Amino acid sequence: MESQLIDHLFRHHSGKMVSVLTRIFGLEHLEVVEDAVQDTFIKASLIWRNNPPENPEAWLTKAAKNRVLDIFRTLKTEKKHLPNITLGTDAIAINELFLGSEIEDAQLRMIFTACHPDLDSRDRISFALKTVSGFSIKEIASALLTKEDTIKKRLSRARKSIQTSQLKFNIPQGKALPVRLESVMEVLYLIFNEGFHSNKKEKLVRKELCGEAMRLCQMLLKNEHTRSSAVYALFALMCFHSARLDAKINTDNEVLDLKEQDRNQWHFPLVELGNTMMTKAVKNAAFSCYHYEAAIAAEHLRALSFEKTNWNQILEWYEHLNALQPMPSHVLTMAVVCIQNNNLTRAKIYFDQLHPNDFAQRVYLYYGAKADYYTAIKAYKRAIKHIDLALNTVTNQLEKKYLQRKKSSLLKLEQ
Amino acid sequence: MKEFMMIFIGADYADLGLSPEELQNRMGKWFAWGNKMEEAGILRGGNALNPDMRRIVGQNRTVTDLTSAEVKEIVGGYYLVEAQDFDAVEKVAQDFPDYDLGGTVEIREIMVFDK
């Protein structure tokens with residue numbers, strides 16, 4: 001009995017089938033398609049128990065195709081508006097849609113649909129994870145640390161927007177393409193960050209989100225129309241960050257910052273891949289935010305130890321990044337970099353530009369950084385006051401522990 | 001050696017909203033269990049059952065078509081194994097993958113008729 005299946009085969013195949021079937025039936029039948037695909041997997045999981053097929057992918061594709069015709073017959077009797085597919089020439093056309101390159105094309109269409117500006121930006125991620133990546137509502141909720149009900153609402157709102165705007169299932173062309181590509185990259189970037197910055201206990205969930213974002217990003221790179229230097233830079237950035245994923249958490253499941261990470265645990269093949277991607281990204285002189293973010297990540301990886309980090313270079317990249325995309329979080333980071341670099345006057349200049357309100361629920365990051373600043377200028381009482389402010393506003397348990405560790409070392413310093 | 005049937009009741013995948021990933025993981029556990037029994041040389045057969053059922057009841061042979069949603073404890077499949085006694089099969093049944101989904105394993109001995 002052959003029992004090894006490729007990891008995530010079902011999940012990935014689910015995304016493929018939903019995309020291809022949507023291409024055949026149109027976005028207006030998305031829900032029927034999703035149900036049908038789900039049925040196929042339940043059937044597979046029961047039938048394969050005793051008798052796994054020799055070629056599981058072919059089996060799934062064939063089952064999906066049969067399901068197409070099944071749904072078609074059912075819908076036909078319900079007199080819904082449908083393209084006229086018969087078993088003749090159109091069925092051959094359907095066969096062609098299941099070829100490798102066409103499957104990828106359909107998936108790209110789905111990604112571009114998920115990132116359509118008519119969809120609420122918060123709904124895009126959930127919708128992409130559901131339709132392109134084959135995540136269940138439960139899995140999305142757990143990955144995004146959100147309630148299942150919220151995800152359900154987001155998905156139904158996304159579907160509604162698609163119906164109301166009568167979106168076409170395609171990859172935009174001409175001038176519309178670069179704009180939409182921006183939005184696609186943003187969604188992939190957010191999915192990746194959800195994984196990378198999430199402090200969810202299960203390391204697996206984080207890795208899956210990061211992996212998924214990278215898989216989708218590679219899909220963009222494979223297609224000549226969607227390939228761009230910014231996409232290369234985004235992929236390089238993901239490689240650089242992923243290389244550190246395992247080192248971010250110690251064996252006690254505690255978050256480690258760059259300073260505490262065991263650099264031997266960094267995954268160097270990913271660093272090399274990132275470098276290769278970066279070389280391709282800089283062939284074009286126009287740099288995106290992703291270029292600078294990747295450059296910053298690369299600079300951290302280049303340092304042999306935390307102490308040897310080239311903070312001046314990093315600060316320069318951040319200045320570029322903030323000029324292109326002004327954000328309080330960049331300014332905060334620059335302040336933190338200046339503290340590392342012992343340039344406390346400049347750190348203060350950055351802090352003076354910031355206000356706690358800029359950071360909403362992530363305000364603990366601001367207070368934490370200020371605590372570091374006061375520690376650096378040996379104003380320990382104020383440092384402790386700010387650590388307490390951070391502790392009052394942090395919700396994440398791992399971050400909380402991290403801050404508490406900092407506080408206890410501060411209390412020792414104060415004595 | 002005697003023959004036993006392990007009957008799997010409940011834990012209908014269609015009703016549980018499992019994701020493709022979870023379905024694949026579950027299937028992996030079923031594979032592993034099947035392999036283990038095969039390697040031990042005790043597996044004599046088995047099948048999974050589709051959830052749709054037609055029921056014929058009583059004197060009047062009343063016929064009803066049912067789906068899993070309408071049946072409280074649906075039989076989802078069975079395995080036939082060869083074993084010394086109930087205790088041995090109970091041990092084998094420890095690896096049934098779906099206890100956490102509320103599944104049940106019922107062990108029954110196959111009756112042998114004198115020839």
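## A walk through two chains in contact

Asn342(A) lies in the loop between α15 (328–340) and α16 (344–352) of chain A. The model you are looking at is predicted, and this loop is a friendly place to begin.

**Loop residues with a positive phi**

What is the phi of Asn342(A)? Its value is near 60 degrees, which is positive, and the residue is something other than glycine. Is Asn342(A) buried or exposed? Because a residue counts as exposed when 12 or fewer other C-beta atoms lie within 10 Å of its own, Asn342(A), with 10 such atoms within 10 Å, is exposed.

Further along chain A, Lys378(A) sits in the loop between α17 (363–376) and α18. Lys378(A) is not a glycine either, yet its phi is positive, at about 65 degrees. Lys378(A) counts as exposed, with 10 C-beta neighbours inside 10 Å.

Chain B has a positive phi to show as well. Gly41(B), just after α1(B), takes a phi of about 70 degrees.

**Helices packed side by side in chain A**

The loop that holds Lys378(A) leads from α17 to α18 of chain A, and these helices can be viewed as a pair. In general, two packed helices are described by the angle between their axes and the distance between the axes. The table sets out those values for two pairs.

| Helix pair | Angle between axes | Distance between axes |
|---|---|---|
| α17(A) and α18(A) | roughly 165 degrees | within 8 Å |
| α18(A) and α19(A) | about 160 degrees | 10 Å |

Why is α17(A) called roughly antiparallel to α18(A)? Angles over 145 degrees count as roughly antiparallel, and the axes of α17(A) and α18(A) cross at roughly 165 degrees, so the description fits α17(A) and α18(A). The angle of about 160 degrees between α18(A) and α19(A) makes α18(A) roughly antiparallel to α19(A). There is a handedness to look for too: α17(A) passes α18(A) in a left-handed crossing, and α18(A) passes α19(A) in a left-handed crossing.

Which residues bring α17(A) and α18(A) into contact? From α17(A) they include Tyr364(A), Tyr367(A), Ala371(A) and Tyr374(A), and from α18(A) they include Tyr380(A), Ala383(A), Ile387(A) and Ala390(A). The residues of this contact divide into 10 nonpolar, 4 polar and 2 charged.

For the contact of α18(A) with α19(A), α18(A) supplies Tyr380(A), Ala383(A), Ile384(A), Ile387(A), Ala390(A) and Leu391(A). On the α19(A) side, the residues include Leu403(A), Lys406(A), Leu410(A) and Glu414(A). Here the division is 9 nonpolar, 1 polar and 4 charged. Tyr380(A), Ala383(A), Ile387(A) and Ala390(A) take part in the contact with α17(A) and also in the contact with α19(A).

**Getting to know chain B**

How many helices and strands does chain B have? There are 2 helices and 6 strands, and along the sequence they follow the pattern β-α-β-β-β-β-α-β. The C-alpha trace of chain B spans about 45 × 40 × 20 Å along its principal axes. Of the 115 residues in chain B, 27% are buried.

Which contacts join residues at least 24 apart in sequence? Among the contacts in chain B between residues at least 6 apart, 78% do so. For a pair to find in the structure, try Lys72(B) and Gly10(B): they are 62 residues apart in sequence, but their C-alpha atoms are 7.7 Å apart in space. Lys72(B) is in the loop between β4 (62–66) and β5 of chain B, and with 7 C-beta neighbours inside 10 Å it counts as exposed.

Helix α1 of chain B covers residues 20–39. At 1.5 Å a residue, its 20 residues should span 28 Å, and its end C-alpha atoms are 28 Å apart, so the two values agree. Among the buried residues of α1(B) are Leu23(B), Met27(B), Trp30(B), Phe31(B), Trp33(B) and Met37(B). What covers the buried residues of α1(B)? The cover includes β2 (43–48), β5 (75–83) and α2 (86–92) of chain B, together with α1, α2 and α7 of chain A.

**Where the chains touch**

That brings us to the contact between the chains, which takes 22 residues from chain A and 20 residues from chain B. On the side of chain A that touches chain B, the elements giving two or more residues are α1 (9–25), α2 (30–47) and α7 (137–143). α2(A) gives the most, with 5 residues. The residues on this side of chain A divide into 11 nonpolar, 7 polar and 4 charged.

Definitions and conventions: Residues numbered from 1 in each chain as written. Chains lettered and ligands numbered in written order. Predicted model: local features only at pLDDT ≥ 70, side-chain atom pairs only at ≥ 80, totals over all residues. Contact = placed C-beta atoms within 7 Å. Helix = DSSP H or I, 4+ residues; strand = E, 2+ residues; numbered from the N terminus. Nonpolar A, V, L, I, M, F, W, Y, C, P; charged D, E, K, R; others polar. Axes fitted to C-alpha atoms, helices over the stretch in contact; angles between N-to-C directions. Parallel < 35°, antiparallel > 145°, perpendicular 65-115°, else oblique. Left-handed = near helix turned anticlockwise from the far one by under 90°. Buried ≥ 20, exposed ≤ 12 C-beta atoms within 10 Å, placed from the backbone. Expected span 1.5 Å × (residues − 1).
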